[in-house]
Amino acid sequence: MPTSPKLFSSYSHSRRFVNLRRFIPLFCFLFGLTGFLFGSISFFSANSRTPKCAGSNPLSVSVSWDLNPQSGDGVLGGKERHKVMGFVGIQTGFASAGRRKALRSTWFPSDHQGLLRLEESTGLTFRFVIGKTKDKSKMAALQREIEEYDDFILLDIEEEYSKLPFKTLAFFKAAYALYDSDFYVKADDDIYLRPDRLSLLVARERSHSQTYIGCMKKGPVFTDPKLKWYEPLSPLLGREYFLHAYGPIYALSADVVASLVALRNNSFRMFSNEDVTIGAWMLAMNVNHENELSLCSSDCTSSSIAVWDIPKCSGLCQPEIKMLELHKREECHGGPTTSDR
(Lines give C-alpha, C1' and ligand atoms only; values in the text may rest on other atoms or scores of the structure.)
Protein backbone atom coordinates (compact mmCIF):
# COMPACT_ATOMS: atom_id res chain seq x y z
CA MET A 1 0.00 0.00 0.00
CA PRO A 2 1.29 3.51 -0.68
CA THR A 3 2.52 5.41 2.39
CA SER A 4 0.57 8.47 3.43
CA PRO A 5 2.41 11.79 2.90
CA LYS A 6 1.51 12.70 6.51
CA LEU A 7 4.09 10.17 7.86
CA PHE A 8 7.03 12.09 6.30
CA SER A 9 8.86 14.54 8.60
CA SER A 10 10.70 17.65 7.44
CA TYR A 11 13.96 15.79 8.10
CA SER A 12 13.09 12.95 5.78
CA HIS A 13 12.12 15.48 3.07
CA SER A 14 15.48 17.26 3.26
CA ARG A 15 17.44 14.00 3.32
CA ARG A 16 15.59 12.75 0.24
CA PHE A 17 16.33 15.99 -1.56
CA VAL A 18 20.05 15.63 -0.77
CA ASN A 19 20.03 12.10 -2.16
CA LEU A 20 18.32 13.27 -5.35
CA ARG A 21 20.94 16.00 -5.87
CA ARG A 22 23.59 13.30 -6.17
CA PHE A 23 21.86 11.94 -9.29
CA ILE A 24 21.38 15.30 -11.07
CA PRO A 25 24.77 15.15 -12.89
CA LEU A 26 24.03 11.60 -14.00
CA PHE A 27 20.60 12.63 -15.27
CA CYS A 28 22.15 15.53 -17.21
CA PHE A 29 24.77 13.25 -18.73
CA LEU A 30 22.20 10.66 -19.80
CA PHE A 31 19.90 13.35 -21.22
CA GLY A 32 22.75 14.88 -23.21
CA LEU A 33 23.90 11.49 -24.50
CA THR A 34 20.35 10.66 -25.59
CA GLY A 35 20.08 13.95 -27.47
CA PHE A 36 23.43 13.39 -29.16
CA LEU A 37 22.49 9.90 -30.29
CA PHE A 38 19.08 11.03 -31.55
CA GLY A 39 20.63 13.91 -33.45
CA SER A 40 23.26 11.65 -35.00
CA ILE A 41 20.65 9.12 -36.12
CA SER A 42 18.52 11.87 -37.65
CA PHE A 43 21.53 13.35 -39.44
CA PHE A 44 22.68 10.10 -41.02
CA SER A 45 19.13 9.07 -41.88
CA ALA A 46 18.62 12.35 -43.71
CA ASN A 47 21.89 11.89 -45.57
CA SER A 48 20.94 8.38 -46.59
CA ARG A 49 17.82 9.80 -48.28
CA THR A 50 19.68 12.40 -50.31
CA PRO A 51 20.28 11.74 -54.04
CA LYS A 52 23.41 9.97 -55.17
CA CYS A 53 24.82 13.24 -56.39
CA ALA A 54 23.93 15.58 -53.56
CA GLY A 55 24.63 19.19 -54.37
CA SER A 56 24.45 18.71 -58.16
CA ASN A 57 21.77 20.34 -60.23
CA PRO A 58 18.83 18.11 -61.20
CA LEU A 59 18.82 17.01 -64.83
CA SER A 60 15.11 16.30 -65.20
CA VAL A 61 12.75 19.19 -65.83
CA SER A 62 9.07 19.79 -66.60
CA VAL A 63 8.29 22.22 -69.41
CA SER A 64 5.29 23.68 -71.18
CA TRP A 65 5.10 23.18 -74.91
CA ASP A 66 2.92 26.18 -75.67
CA LEU A 67 5.46 28.95 -75.18
CA ASN A 68 7.71 31.29 -77.08
CA PRO A 69 11.32 30.39 -76.20
CA GLN A 70 12.66 33.42 -78.08
CA SER A 71 10.93 35.76 -75.64
CA GLY A 72 12.67 34.27 -72.61
CA ASP A 73 9.34 33.41 -70.98
CA GLY A 74 8.06 30.06 -69.78
CA VAL A 75 10.63 27.33 -69.35
CA LEU A 76 13.65 29.18 -68.03
CA GLY A 77 12.14 32.39 -66.78
CA GLY A 78 14.64 34.40 -68.81
CA LYS A 79 17.71 32.38 -67.73
CA GLU A 80 20.48 31.61 -70.19
CA ARG A 81 20.19 28.37 -72.15
CA HIS A 82 22.78 25.62 -71.77
CA LYS A 83 25.26 25.58 -74.66
CA VAL A 84 25.81 22.13 -76.19
CA MET A 85 26.84 20.83 -79.59
CA GLY A 86 23.79 18.60 -79.89
CA PHE A 87 20.70 17.75 -77.87
CA VAL A 88 19.29 14.22 -78.20
CA GLY A 89 15.72 13.64 -77.06
CA ILE A 90 14.89 9.96 -76.65
CA GLN A 91 11.14 9.78 -77.25
CA THR A 92 9.49 7.35 -74.83
CA GLY A 93 6.11 6.51 -73.32
CA PHE A 94 4.43 5.09 -70.25
CA ALA A 95 4.45 1.55 -71.64
CA SER A 96 8.18 1.71 -72.38
CA ALA A 97 9.74 1.24 -68.94
CA GLY A 98 11.30 -2.00 -70.18
CA ARG A 99 12.87 -0.22 -73.14
CA ARG A 100 14.34 2.46 -70.89
CA LYS A 101 15.74 -0.26 -68.63
CA ALA A 102 17.37 -1.92 -71.65
CA LEU A 103 18.82 1.40 -72.81
CA ARG A 104 20.23 2.14 -69.36
CA SER A 105 21.87 -1.30 -69.42
CA THR A 106 23.57 -0.57 -72.75
CA TRP A 107 24.61 2.74 -74.32
CA PHE A 108 22.60 5.14 -72.11
CA PRO A 109 24.31 5.46 -68.66
CA SER A 110 22.03 4.68 -65.73
CA ASP A 111 23.85 6.81 -63.16
CA HIS A 112 24.00 10.59 -62.90
CA GLN A 113 27.79 10.86 -63.14
CA GLY A 114 28.01 8.35 -65.98
CA LEU A 115 25.52 10.37 -68.01
CA LEU A 116 27.45 13.57 -67.37
CA ARG A 117 30.70 11.88 -68.45
CA LEU A 118 29.08 10.73 -71.69
CA GLU A 119 27.81 14.24 -72.35
CA GLU A 120 31.21 15.79 -71.65
CA SER A 121 33.01 13.33 -73.94
CA THR A 122 30.60 13.69 -76.87
CA GLY A 123 29.34 17.26 -76.57
CA LEU A 124 25.81 15.84 -76.73
CA THR A 125 23.10 15.99 -74.08
CA PHE A 126 20.73 13.02 -73.70
CA ARG A 127 17.30 12.99 -72.05
CA PHE A 128 14.22 10.81 -72.21
CA VAL A 129 11.21 12.82 -73.42
CA ILE A 130 7.70 11.95 -72.26
CA GLY A 131 4.30 13.62 -71.96
CA LYS A 132 1.70 13.27 -69.23
CA THR A 133 -1.31 11.06 -68.50
CA LYS A 134 -4.41 11.26 -66.35
CA ASP A 135 -3.58 7.83 -64.90
CA LYS A 136 -2.31 8.68 -61.40
CA SER A 137 -0.62 5.32 -60.90
CA LYS A 138 1.39 5.72 -64.11
CA MET A 139 2.39 9.25 -63.16
CA ALA A 140 3.45 8.04 -59.71
CA ALA A 141 5.58 5.28 -61.27
CA LEU A 142 7.17 7.83 -63.59
CA GLN A 143 7.95 10.12 -60.66
CA ARG A 144 9.72 7.26 -58.87
CA GLU A 145 11.78 6.60 -62.00
CA ILE A 146 12.68 10.28 -62.26
CA GLU A 147 13.81 10.33 -58.64
CA GLU A 148 15.99 7.27 -59.22
CA TYR A 149 17.60 8.19 -62.55
CA ASP A 150 17.02 11.94 -63.12
CA ASP A 151 17.22 11.82 -66.94
CA PHE A 152 13.87 13.12 -68.24
CA ILE A 153 12.21 16.07 -69.90
CA LEU A 154 8.48 16.08 -69.10
CA LEU A 155 6.21 17.78 -71.62
CA ASP A 156 2.90 19.33 -70.69
CA ILE A 157 1.01 17.38 -73.36
CA GLU A 158 -0.99 14.15 -73.32
CA GLU A 159 1.14 11.12 -74.15
CA GLU A 160 -0.87 9.47 -76.93
CA TYR A 161 0.22 7.72 -80.14
CA SER A 162 -2.30 9.72 -82.13
CA LYS A 163 -0.67 12.94 -80.91
CA LEU A 164 2.95 12.11 -81.84
CA PRO A 165 3.25 15.04 -84.30
CA PHE A 166 2.15 17.41 -81.52
CA LYS A 167 4.58 15.80 -79.10
CA THR A 168 7.41 16.15 -81.62
CA LEU A 169 6.74 19.84 -82.04
CA ALA A 170 6.49 20.18 -78.26
CA PHE A 171 9.85 18.44 -77.93
CA PHE A 172 11.61 20.78 -80.34
CA LYS A 173 10.11 23.84 -78.65
CA ALA A 174 11.14 22.65 -75.19
CA ALA A 175 14.61 21.56 -76.30
CA TYR A 176 15.20 24.92 -77.99
CA ALA A 177 14.12 26.78 -74.86
CA LEU A 178 16.43 24.73 -72.63
CA TYR A 179 19.50 24.29 -74.82
CA ASP A 180 21.48 26.47 -77.21
CA SER A 181 22.43 23.62 -79.52
CA ASP A 182 23.85 23.32 -83.03
CA PHE A 183 21.58 20.36 -83.74
CA TYR A 184 18.49 18.88 -82.11
CA VAL A 185 18.13 15.12 -82.54
CA LYS A 186 14.86 13.24 -82.24
CA ALA A 187 15.40 9.54 -81.51
CA ASP A 188 13.10 6.69 -80.48
CA ASP A 189 13.66 4.47 -77.46
CA ASP A 190 13.90 1.27 -79.54
CA ILE A 191 17.12 1.90 -81.49
CA TYR A 192 20.71 1.03 -80.60
CA LEU A 193 22.78 4.19 -80.79
CA ARG A 194 26.49 4.96 -80.97
CA PRO A 195 26.78 8.36 -79.20
CA ASP A 196 30.46 8.77 -80.20
CA ARG A 197 29.67 8.45 -83.90
CA LEU A 198 26.56 10.61 -83.63
CA SER A 199 28.80 13.28 -82.14
CA LEU A 200 31.11 13.14 -85.17
CA LEU A 201 28.12 13.42 -87.52
CA VAL A 202 26.79 16.49 -85.74
CA ALA A 203 30.25 18.10 -85.64
CA ARG A 204 30.77 18.04 -89.43
CA GLU A 205 31.34 21.33 -91.22
CA ARG A 206 28.31 22.27 -93.32
CA SER A 207 27.66 25.09 -95.75
CA HIS A 208 23.91 25.09 -95.08
CA SER A 209 22.65 26.63 -91.84
CA GLN A 210 19.23 25.03 -92.36
CA THR A 211 19.88 21.29 -92.46
CA TYR A 212 17.70 18.22 -92.00
CA ILE A 213 19.75 15.05 -91.39
CA GLY A 214 18.25 11.59 -91.63
CA CYS A 215 18.02 8.33 -93.47
CA MET A 216 15.83 9.60 -96.28
CA LYS A 217 12.99 7.84 -98.04
CA LYS A 218 10.41 8.93 -100.56
CA GLY A 219 6.89 9.33 -99.25
CA PRO A 220 3.63 10.40 -100.90
CA VAL A 221 2.16 13.82 -100.44
CA PHE A 222 -1.26 12.26 -99.90
CA THR A 223 -1.29 10.20 -96.71
CA ASP A 224 -5.04 10.12 -96.12
CA PRO A 225 -6.25 6.48 -96.41
CA LYS A 226 -9.34 7.75 -98.25
CA LEU A 227 -7.06 8.80 -101.13
CA LYS A 228 -5.57 5.36 -101.75
CA TRP A 229 -7.58 5.03 -104.95
CA TYR A 230 -5.21 7.60 -106.46
CA GLU A 231 -2.33 5.10 -106.31
CA PRO A 232 -2.92 3.28 -109.64
CA LEU A 233 -3.40 6.63 -111.35
CA SER A 234 -0.34 8.32 -109.86
CA PRO A 235 1.86 7.98 -113.00
CA LEU A 236 -0.91 9.57 -115.06
CA LEU A 237 -1.66 12.31 -112.54
CA GLY A 238 1.98 13.16 -111.96
CA ARG A 239 1.60 12.46 -108.25
CA GLU A 240 4.41 14.09 -106.28
CA TYR A 241 6.72 12.37 -103.84
CA PHE A 242 9.09 14.04 -101.42
CA LEU A 243 12.09 13.02 -99.37
CA HIS A 244 11.72 12.74 -95.63
CA ALA A 245 13.66 10.98 -92.90
CA TYR A 246 12.68 7.69 -91.35
CA GLY A 247 11.07 8.35 -87.97
CA PRO A 248 13.36 6.44 -85.55
CA ILE A 249 16.07 9.13 -85.68
CA TYR A 250 16.74 12.42 -87.46
CA ALA A 251 18.31 15.80 -86.65
CA LEU A 252 17.42 19.42 -87.33
CA SER A 253 19.88 22.31 -87.24
CA ALA A 254 19.36 25.21 -84.86
CA ASP A 255 18.09 27.56 -87.59
CA VAL A 256 15.44 25.05 -88.63
CA VAL A 257 14.23 24.51 -85.05
CA ALA A 258 14.19 28.27 -84.46
CA SER A 259 11.76 28.57 -87.37
CA LEU A 260 9.61 25.76 -85.97
CA VAL A 261 9.30 27.24 -82.50
CA ALA A 262 8.34 30.61 -83.99
CA LEU A 263 5.32 29.01 -85.64
CA ARG A 264 1.92 29.53 -84.15
CA ASN A 265 0.23 26.30 -83.10
CA ASN A 266 -1.88 24.74 -85.86
CA SER A 267 -0.32 27.03 -88.47
CA PHE A 268 1.13 23.97 -90.26
CA ARG A 269 -0.74 20.86 -91.33
CA MET A 270 -0.41 17.87 -88.96
CA PHE A 271 -0.45 14.45 -90.63
CA SER A 272 -1.16 11.17 -88.87
CA ASN A 273 2.50 10.13 -89.09
CA GLU A 274 5.09 12.16 -87.22
CA ASP A 275 7.91 11.58 -89.72
CA VAL A 276 5.70 12.57 -92.66
CA THR A 277 4.61 15.68 -90.76
CA ILE A 278 8.18 16.84 -90.14
CA GLY A 279 9.15 15.94 -93.71
CA ALA A 280 6.32 18.03 -95.13
CA TRP A 281 7.36 20.97 -92.99
CA MET A 282 10.97 20.63 -94.15
CA LEU A 283 9.77 20.64 -97.75
CA ALA A 284 7.75 23.81 -97.13
CA MET A 285 10.75 25.47 -95.44
CA ASN A 286 13.04 24.47 -98.34
CA VAL A 287 15.80 23.20 -96.04
CA ASN A 288 18.84 21.19 -97.09
CA HIS A 289 18.25 17.43 -96.92
CA GLU A 290 21.29 15.41 -95.82
CA ASN A 291 20.81 11.70 -96.49
CA GLU A 292 22.76 9.72 -93.87
CA LEU A 293 22.41 5.95 -94.32
CA SER A 294 24.40 5.21 -91.15
CA LEU A 295 21.30 6.30 -89.20
CA CYS A 296 19.34 3.29 -90.45
CA SER A 297 21.73 0.35 -90.29
CA SER A 298 20.19 -3.09 -89.95
CA ASP A 299 23.29 -4.36 -88.13
CA CYS A 300 26.39 -3.03 -86.41
CA THR A 301 29.10 -2.05 -88.87
CA SER A 302 32.27 0.04 -88.81
CA SER A 303 30.21 3.13 -89.67
CA SER A 304 26.75 2.49 -88.20
CA ILE A 305 25.36 5.19 -85.92
CA ALA A 306 21.83 3.90 -85.28
CA VAL A 307 20.91 0.22 -85.59
CA TRP A 308 17.33 -0.96 -86.00
CA ASP A 309 15.44 -3.61 -87.93
CA ILE A 310 14.75 -1.73 -91.14
CA PRO A 311 12.42 -2.32 -92.94
CA LYS A 312 10.80 -5.03 -90.82
CA CYS A 313 10.19 -2.80 -87.78
CA SER A 314 10.24 0.93 -87.14
CA GLY A 315 12.96 0.41 -84.56
CA LEU A 316 14.30 -2.84 -83.17
CA CYS A 317 11.93 -5.78 -83.20
CA GLN A 318 11.64 -6.91 -79.57
CA PRO A 319 13.90 -4.03 -78.45
CA GLU A 320 14.16 -5.09 -74.81
CA ILE A 321 15.85 -8.31 -75.90
CA LYS A 322 17.65 -7.17 -79.05
CA MET A 323 19.21 -4.16 -77.34
CA LEU A 324 21.04 -6.37 -74.83
CA GLU A 325 22.07 -8.86 -77.51
CA LEU A 326 23.64 -6.12 -79.64
CA HIS A 327 25.50 -4.67 -76.68
CA LYS A 328 27.27 -7.98 -76.07
CA ARG A 329 29.00 -7.60 -79.44
CA GLU A 330 32.12 -5.45 -79.42
CA GLU A 331 31.51 -4.22 -82.97
CA CYS A 332 28.29 -2.62 -81.70
CA HIS A 333 29.55 -0.66 -78.71
CA GLY A 334 33.22 -0.32 -79.67
CA GLY A 335 34.54 -0.80 -76.14
CA PRO A 336 33.90 -2.42 -72.77
CA THR A 337 30.29 -3.20 -71.95
CA THR A 338 28.38 -1.36 -69.24
CA SER A 339 29.02 -4.17 -66.79
CA ASP A 340 32.77 -3.93 -67.42
CA ARG A 341 33.03 -0.21 -66.70
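Me: Buried means under 20% relative accessible area here, so on which side of that cut-off, buried or exposed, does Asp150 fall?

Reply: In this predicted model, Asp150 has a relative accessible area of 13%, which is under the 20% limit, and therefore Asp150 counts as buried. Asp150 sits in the loop between H4 and S4, and its phi is positive, at about 55°, although it is not a glycine.

Me: What about Asn286, buried or exposed?

Reply: Asn286 is exposed, because its relative accessibility is 67% and the exposed class begins over 50%. Asn286 belongs to the loop between helix H9 (274-285) and S9, and its phi is also positive, near 55°, in a residue other than glycine.

Me: Why bother pointing out a positive phi?

Reply: Because most residues other than glycine have a negative phi, and most peptide bonds are trans. On the second point, the peptide bond that joins Ile310 and Pro311 is cis, with omega at about 0°, and Pro311 is placed in the loop between S10 and H10.

Me: Back to H4 for a second, which unit is it part of?

Reply: Helix H4 (residues 136-149) makes a right-handed β-α-β unit together with S3 and S4. The strands S3 and S4 (residues 152-158) are parallel and pair over four bridges, with Lys132 standing opposite Glu158 in S4.

Me: And which strand does S2 join?

Reply: Strand S2 (residues 82-91) is joined to S3 by six bridges, and the two run parallel; within that pairing, Ile90 stands opposite Phe128 in S3.

Me: So how many residues of S3 are buried?

Reply: Eight of the nine residues of S3 (residues 124-132) are buried, so the strand is largely enclosed by the rest of the structure.

Me: Switching topic, how many disulfides are there?

Reply: The count comes to three disulfides, and when the bonded cysteines of the protein chain are numbered in sequence order, the pairing is 1-2, 3-6, 4-5.

Me: Which parts of the chain does Cys215 with Cys296 link?

Reply: Cys215 and Cys296 form a disulfide with their sulfur atoms 1.9 Å apart. The pair links distant parts of the chain, 81 residues apart, with Cys215 in strand S7 (residues 211-220) and Cys296 in the loop between strand S9 (288-291) and strand S10 (306-307). The link is right-handed, with 40° about the S-S bond, and both cysteines are buried.

Me: Where does Cys300 go?

Reply: Cys300 is joined to Cys332 by a disulfide, S to S 2.0 Å, which is right-handed with 105° about the S-S bond. Cys300 lies in the loop between S9 and S10 and Cys332 in helix H11 (residues 330-333), so the link ties together parts that are 32 residues apart in sequence. Cys300 and Cys332 are buried.

Me: And what does Cys313 pair with?

Reply: Cys313 forms a disulfide with Cys317, their sulfur atoms being 1.9 Å apart, and the torsion about the S-S bond is about 105°, so this disulfide is right-handed. Cys313 counts as partly exposed, because its relative accessibility of 23% falls between the buried and exposed limits.

Me: Last one: at what angle do the axes of H2 and H10 cross?

Reply: The axes of helix H2 (residues 97-104) and helix H10 (residues 319-327) cross at roughly 5° and come within 9 Å, and the two helices are therefore roughly parallel to each other. Gly98, Arg99, Ala102 and Leu103 in H2 meet Pro319, Glu320, Met323 and Leu324 in H10.

Methods:
Residues are numbered from 1 along each chain as its sequence is written. This is a predicted model: local features need pLDDT of at least 70, side-chain atom pairs count only at pLDDT 80 or more; totals for chains, interfaces and linings use all residues. Side-chain values use heavy atoms; hydrogens and water are left out. Buried means under 20% relative accessible area, exposed over 50%, partly exposed in between (1.4 Å probe, protein chains only). Two strands pair if DSSP finds at least two bridges between them. A crossover is right-handed if, with the strands pointing away from the viewer, the path from the first strand over the helix to the second runs clockwise. A disulfide is a pair of cysteine sulfur atoms within 2.5 Å. Axes are lines fitted to C-alpha atoms, for helices over the stretch in contact, and angles run from 0 to 180 degrees between N-to-C directions. Angles under 35 degrees count as roughly parallel, over 145 as roughly antiparallel, 65 to 115 as roughly perpendicular and the rest as oblique. Contact means heavy atoms within 4.5 Å.
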